[in-house]
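Okay, thanks everyone, let's get going. Have a look at the structure on the screen while I talk you through a few bits of it.

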Amino acid sequence: MSSSNHIVIIGGGPGGYEAAHVAAQLGAEVTVVDTDGVGGSAVLTDCVPSKTLIATSELMADLTGAQELGVNFRDHEGDAATSIAVDLARVNARVKQLAADQSVDIAARLDRDGVRVVTGRGRLGPDLTVVATTADGEETIEADAIIVATGASPRTLPSAQPDGERILTWEQVYDLTEVPEKLIVVGSGVTGAEFASAYLSLGIDVTLVSSRDRVLPGEDADASAVLEDVLTRRGMNVLGQSRMQSVTRDGDTVTVTLTDGRTVSGSHCILALGSVPNTADLGLDEAGVRTDDGGFITVDRVSRTSARGVYAAGDCTGVLMLASVAAMQGRIAMWHFLGDAVAPLDLKKVSSNVFTSPEIATVGWSQKSVDAGEMQAEVVTLPLAGNARAKMQGVRDGFVKLFCRPGTGIVVGGVVVGPRASELIHPVSIAVAESLTADQLANAFTVYPSMSGSVAEAARRLHRV
């Protein structure tokens with residue numbers, strides 16, 4: 001591949017740095033213009049920090065159930081210890097350090113690949129150029145192709161403004177040094193549910209304000225029901241069909257006012273109201289890059305925008321706001337532009353996970369699509385409660401659900417609810433990606449005893465003579 005191709009990438013998140021690796025591998029000259037440190041929000045303020053926090057919360061949850069498994073705690077005088085406590089300052093210090101370390105690792109890999117990183121804000125200039133505003137002034141960088149991978153930011157409302165102390169976006173929670181006495185989470189989508197579940201496991205009094213009739217309205221309804229049952233059983237106050245009107249602070253008290261006049265008071269509030277794309281002031285209109293009504297960049301399945309030579313990847317496209325999808329969009333853009341073998345993005349093969357306790361992992365076609373008649377499929381649901389390994393670990397909640405085509409038996413989707421569902425979904429993801437049948441999935445050996453045995457067992461129940 002000729003090195004005459006110069007790729008300029010605006011944004012150093014997964015969509016940007018994965019595109020940079022592919023472009024460098026294919027012999028292109030690559031420049032990344034990044035403002036906040038490579039890794040983007042996925043590494044610095046979102047995925048890595050939140051899942052690090054959740055790792056601590058999972059350990060707390062495991063310790064809470066230790067007595068059932070025969071493990072008892074004693075204090076220094078030998079008496080029974082009745083509670084465990086989290087040191088939130090130490091947890092958040094570790095979170096920030098891990099995120100910073102991950103960013104350094106990514107930067108080192110880009111350097112090894114010969115990628116130039118410019119620290120500054122990039123915007124599209126005329127004739128396939130990127131104008132980088134740096135501490136030293138402006139630099140105009142010519143390109144043969146440009147990728148916009150600027151990500152998205154937490155959505156806020158005029159009536160609910162974060163102050164960084166007690167009213168917080170999900171990017172600001174890692175500055176907390178003291179455990180909140182009473183936490184209110186506004187928003188029951190993935191982000192809201194994850195933080196509510198994590199802080200509940202850390203022993204914090206949590207109220208979840210949901211404008212919909214159930215937690216995680218976009219996920220499998222059976223999975224959402226299991227999660228909501230677990231959360232309420234553990235003491236969370238879930239307020240369904242409760243739309244937030246405003247969030248105000250008076251000293252150490254935060255008050256969430258609902259549209260029906262009710263109020264909820266606490267010591268802290270996390271706003272999980274969705275995301276807005278970072279697409280303002282990028283010169284998109286002038287360059288002929290179309291955006292939708294929400295400001296998201298419109299792309300096709302090989303990441304092309306409406307402007308020749310300009311691609312886009314990640315949350316700024318709003319396609320599916322996952323780090324894995326951002327990374328794939330970035331790779332696909334470079335494979336396409338640089339002439340390597342490329343397959344268009346297929347969202348029906350994307351596996352995703354909600355890192356609550358229990359986790360909820362999905363891939364392929366959904367129950368909602370099957371119920372709506374969009375996909376004809378046979379469905380089997382197998383509770384984890386009957387799994388031998390689950391019994392050993394004290395796991396009672398969760399299930400494996402598989403969807404397969406009638407006639408051919410090809411697996412077209414699945415849902416796993418349980419501990420480490422993010423790992424358990426992988427065999428189902430392989431089956432969906434490779435069009436394996438339920439019989440093929442069932443006939444692959446699993447370890448006994450194992451949680452993955454339930455995936456094979458569910459597949460066996462889909463066997464038709």
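I'll go through two helices, then the cysteines, then the salt bridges. Keep in mind that this is a predicted model.

So, helix α1 to begin with, residues 14-25. With twelve residues at 1.5 Å each it should span 16 Å, and its end C-alpha atoms are indeed 16 Å apart, so the length agrees. How much of α1 is buried? Eleven of the twelve residues are, so to speak, under cover. Among them are P14, G15, G16 and Y17 at the start, and V22, A23 and A24 further along. And what do those buried residues pack against? Strands β1, β2 and β7, plus helices α2, α4 and α8. Just past the helix you hit G27, with a positive phi of about 90°.

Since α8 is one of those neighbours, let's go there. It has 15 residues and reaches 21 Å from first C-alpha to last, close to the 21 Å expected. Its buried residues are V325, A326, A327, Q329, G330, I332, A333 and M334. Covering them you'll find, among others, β1, α1, β7 and β18. This helix is also followed by a glycine with positive phi: G339, near 80°.

Quick word on cysteines. Searching the whole structure for disulfides gives zero. C269 is buried, at 0% relative accessible area, and C404 counts as buried too, at 1%.

Right, salt bridges. How many turn up in the whole structure? The search finds 18. Here's one to look at: K401 with D222, closest N and O atoms 2.7 Å apart. K401 sits in strand β22 and D222 in helix α6, so the pair ties together parts that are 179 residues apart in sequence. The two ends sit in different settings, if you check accessibility: K401 is buried at 0%, whereas D222 is partly exposed at 39%.

Helix α6 comes up again with R233, which bridges to D397, the closest N and O atoms being 2.6 Å apart. D397 is in the loop between α10 and β22, and the pair links parts of the chain 164 residues apart. R233 itself counts as exposed, at 51% relative accessibility.

Two more for the list. R262 and D260 meet at 2.8 Å, N to O, and R262 is partly exposed at 36%. Then there's a network of salt bridges linking D163, E165 and R249.

That's my tour, over to you for questions.

Key: Residues are numbered from 1 along each chain as its sequence is written. This is a predicted model: local features need pLDDT of at least 70, side-chain atom pairs count only at pLDDT 80 or more; totals for chains, interfaces and linings use all residues. Side-chain values use heavy atoms; hydrogens and water are left out. Helices (H or I, at least four residues) and strands (E, at least two) are DSSP runs, numbered from the N terminus. The expected span of a helix is 1.5 Å times one less than its number of residues. Buried means under 20% relative accessible area, exposed over 50%, partly exposed in between (1.4 Å probe, protein chains only). Contact means heavy atoms within 4.5 Å. A disulfide is a pair of cysteine sulfur atoms within 2.5 Å. A salt bridge is a side-chain nitrogen of Lys or Arg within 4 Å of a carboxyl oxygen of Asp or Glu.
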